[in-house]
Every structure is written in structure tokens, then in C-alpha cells.
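Got the viewer open and a selection box ready? Let's take a walk through this chain, one stop at a time.

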Amino acid sequence: KHANELYTKSVTRQAVALITNDAIKKYRGESFELVAIHYYRALNYWYLGQPEDALVECRKANLKLAQYAIHNGETSYKNDAFIHYITGLFYEATGEYNDAYISYQHAQDAYEHYASEFQIPAPQTLESDLQRVSESLNGVQLVSLDPTAFLAPASDGELVIFSEVGFVPRKLEEEIDLPIYDNDIKRSKKIKTSVLAKDISDRRHRVRHVGNVEYWLQVALPKYDATPPQTNTVYIRSGEHNGQTTLAQNYASIAQTSLNHHYPGILAKTTARAFVKYLAYRKAKKENKVLGFLTNLLNVSTEIADTRSWVSLPHNIQIGRLALTPGTHTVTLEARDINGNVIETKTIENVEINPGQRTFISHRFYR
């Protein structure tokens, strides 16, 4: 609710941000962060024995993405494949095969986009999930089926594990210097600042000498610290049964790609703000050197990048599936690195498996 309220932009803070920095605005979160809220709420409702409320949260997530797309324009993160997938898992677990089939189809389409934009392939189990539900429907659109029909043999149950790994990369600040030529000052009197700022920001990658450098404009920009976690995959054991997780969501990749998508706009806006500050300093300096010094000091001190983010989000989420006999089980989870070495081990006791039903659990490996 609070995130939705913050989505309504404050005109006053927007205006102040134009002359100070973006960090002055209230932080409403990135789109993928706001959708992640619904993932956690959905799990919470499921654990509370309220599956319908869990499904409502899943539906809200993608409706919210559609809303953001209207306001923010085309973006690389426009559909959450992971949310569609867990929606399908929840629907199938409650016997809503028709809705499960539709959700799995949406997940399959969204993962195709994930593969091209974020290098995140679809979990290997998705294809078999879609095929199983399709065969169960036999081409007939039904509202509900027996929820115990999705497993073979029917006497078994299934454990679905959401393994949250590591931490999403932190946003850091980087400073870059852009040359201001004497000709830029002349042009600023004839063209819009936004147009001139775009030309100046383009000099980051290629500097063309079109006059004498009058000033080196320093701008502060956000970037991600791309430090991957040690854990590569999670092995699951329970008695004689074992398996391993597959990647289903990679917040690190989504975060970096989303920032890359918005970066040109951030750079141009930040450059425009810094250039306006420089013009103010230049004018103040002509009137009074002390005033110019104080203006420049204010400009430098207020120029900071917006590095706020949801730092406790996992780097990625992996899904593990294990067919188990009904009863109480002890499940052992091993976090393994890229070479297969065990980094950390966790034991979850008293995991209740019911015949023909799914049991969902989530856990976190921080390394």
C-alpha cells in the first residue's frame, strides 16, 4: 500500500530534484522490487492456509507491471516470468487446471523474453508442467479438477522449494567528468538545456574537440556492484530422494538490465542539472568571487547519485522439486559453488507431505 502511495509523484519534490539531485525524491522502488513484494505476500498467504489470497497477490503483480508500463513507457522488464510460473504452480496445487494452463503458457512466453533480455532460461520443469496440465485437460476448458490428480503415482506428494540465494547487487556511485566547451555557453542561449545536455552527455564515450574546454563538469551516476554469490546451485536430499534446484528468477540480471535501459535518460537528466548549476555558478562568479565560490561549493555538495535500493532482496531465486511419499520428512539442503563444493548445509525438519498434494517451502542462503 505504501509503495502504491509513493508511486504518485510529489510535484514539489520533483521540482526540488531538478536543482539538487534525484535522492531528494521519496524512494518508491524499482518495478522488479515492487513486484517482489507480491511474491513474498503470496508465499505468506499460502503458509497461512489462504491459497486464494496467495493467487490474488500473483495476479496483482503482473497487473502492476502493466500499469507501470503505461506510465514509464517500454521497458526491458515488462512481464515477470517467475510470478507467472509460481501462479501456475499454485493454481495446479489447488486443482484449478484451466487457470494453471494459462499461467504456464504466460510463463513460457515470458521466459522467452527473459532469455533474450536477461539471459535467464526457463526452468526445465516448466515444459513438463505445461505438458502434464495440457494432457489432464484433454483439450477441454474446465474450471476445476481434482487437486490430487497432478502427481503420478497419486499416492505421492511433491515438495516445491524456493531457494533464495545471496544478495542483489548494491547500487554504488560513480563520478564522471564531461568537458564543457566555450561554444556550449553560446549555444545555451539559443537551444533548450535538454538538447544541449544530450550532446554533452554523449561525450562520455567520445570526446570531440569543438573548442577550448572551459570547465570539466562532474556528474554522479548510479551503478551496480556486480559481485555474484558463491552459491551456484542447491542440492536437495530427503532419505533416498534427491534433486537440485534450477534458476527461476535472477534479480541481479534484471536490476542491471533495467538500469542499462534507463541509463541514457539518467545521464542526460543528470548532465542537464549539473550544467544548469554550472551556469548559475558562472553567473555568480562574475558578480562576486566569494558568491561564486559558495555557489560552486553548494553545487558540488548536492550532486550525488540516487543509490537507494532494496538491498536485502536475493541475488536470484531457484526452484527445486522433489516427489516424496506422504508423511513427515527431514530435508537437507546443500549450497554448492560452481565447482560442486559444499559451501553451507541446512536441515529442515518436520516437512509434512500429503498424498497427491504440493508442499511449498522457502529458505535463504546468504553466501
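Before you click anything, one convention for helix pairs: angles under 35 degrees count as roughly parallel, over 145 as roughly antiparallel, 65 to 115 as roughly perpendicular and the rest as oblique. Those angles run from 0 to 180 degrees between N-to-C directions, with axes being lines fitted to C-alpha atoms, for helices over the stretch in contact. What you're looking at is a predicted model, where local features need pLDDT of at least 70, side-chain atom pairs count only at pLDDT 80 or more, and totals for chains, interfaces and linings use all residues. Residues are numbered from 1 along each chain as its sequence is written, and side-chain values use heavy atoms, with hydrogens and water left out.

**Whole chain**

Start with a cartoon view. You should find 11 helices and 10 strands; helices (H or I, at least four residues) and strands (E, at least two) are DSSP runs, numbered from the N terminus. Of the 367 residues, 47% count as buried, where buried means under 20% relative accessible area, exposed over 50%, and partly exposed in between (1.4 Å probe, protein chains only). Contact here means heavy atoms within 4.5 Å. Among contacts with a separation of 6 or more, 79% join residues 24 or more positions apart.

**Stop 1: α5 and α7**

Select residues 81-93 for α5 and 124-137 for α7; the two pack at about 40°, with axes 12 Å apart. That angle is why the pair counts as oblique. The crossing is left-handed, meaning that the near helix is turned anticlockwise from the far one by less than a right angle (clockwise would be right-handed). Now show side chains: Y85, L89 and E92 of α5 meet T125, L126, D129, R132 and V133 of α7. By class, that contact has four nonpolar, one polar and three charged residues. For the classes, Ala, Val, Leu, Ile, Met, Phe, Trp, Tyr, Cys and Pro are nonpolar, Asp, Glu, Lys and Arg are charged, and the others, Gly among them, are polar.

**Stop 2: α5 and α6**

Keep α5 and add α6 (97-117). The packing angle is about 160°, with the axes 8 Å apart. α5 is therefore roughly antiparallel to α6, and the crossing is left-handed. On the α5 side, pick residues including F82, H84, Y85 and G88; on the α6 side, the partners include Y97, S103, Y104, A107 and Y111. This contact holds 12 nonpolar, five polar and two charged residues.

**Stop 3: α3 and α5**

Next, add α3, residues 31-47, which packs with α5 at about 15° with axes 11 Å apart. So α3 and α5 are roughly parallel, and they pass in a left-handed crossing. V35, Y39, A42, L43 and W46 from α3 meet F82, I83, I86, F90 and A93 from α5. What classes do the residues of the contact of α3 with α5 divide into? There are 10 nonpolar, no polar and no charged.

**Stop 4: the aromatics**

Stay on F90, and colour the rings. Rings of Phe, Tyr and Trp (its six-membered ring) pair if their centres lie within 6.5 Å; planes under 30 degrees apart count as stacked, over 60 as edge-to-face and the rest as tilted. This rule gives 14 aromatic pairs. One of them is F90 with F360, edge-to-face at 4.9 Å centre to centre and 80° between the planes. F90 sits in α5 and F360 in strand β10 (residues 358-365), 270 residues apart. Buried or exposed? F90 is buried at 0% relative accessible area, and F360 is buried too, at 4%. Expand the selection to Y39, Y40, W46, F82, F90, F162, W310 and F360, and you have one aromatic cluster.

**Stop 5: past β10**

Follow the chain into the segment after β10 to reach R367, which is partly exposed at 41% relative accessible area. Leaving out residues up to four places away in sequence, R367 touches V165, G166, P229, Q230, T231, I343 and E344. Try a C-alpha distance from R367 to I343: 8.0 Å, for residues 24 apart along the chain.

**Stop 6: two positive phi values**

Finish on the backbone torsions.

- Q119, in the loop between α6 and α7, is not a glycine, yet phi is near 55°; Q119 is exposed at 57% relative accessibility.
- N350, in strand β9 (residues 342-353), also has a positive phi of about 55° without being a glycine; N350 is exposed at 61%.
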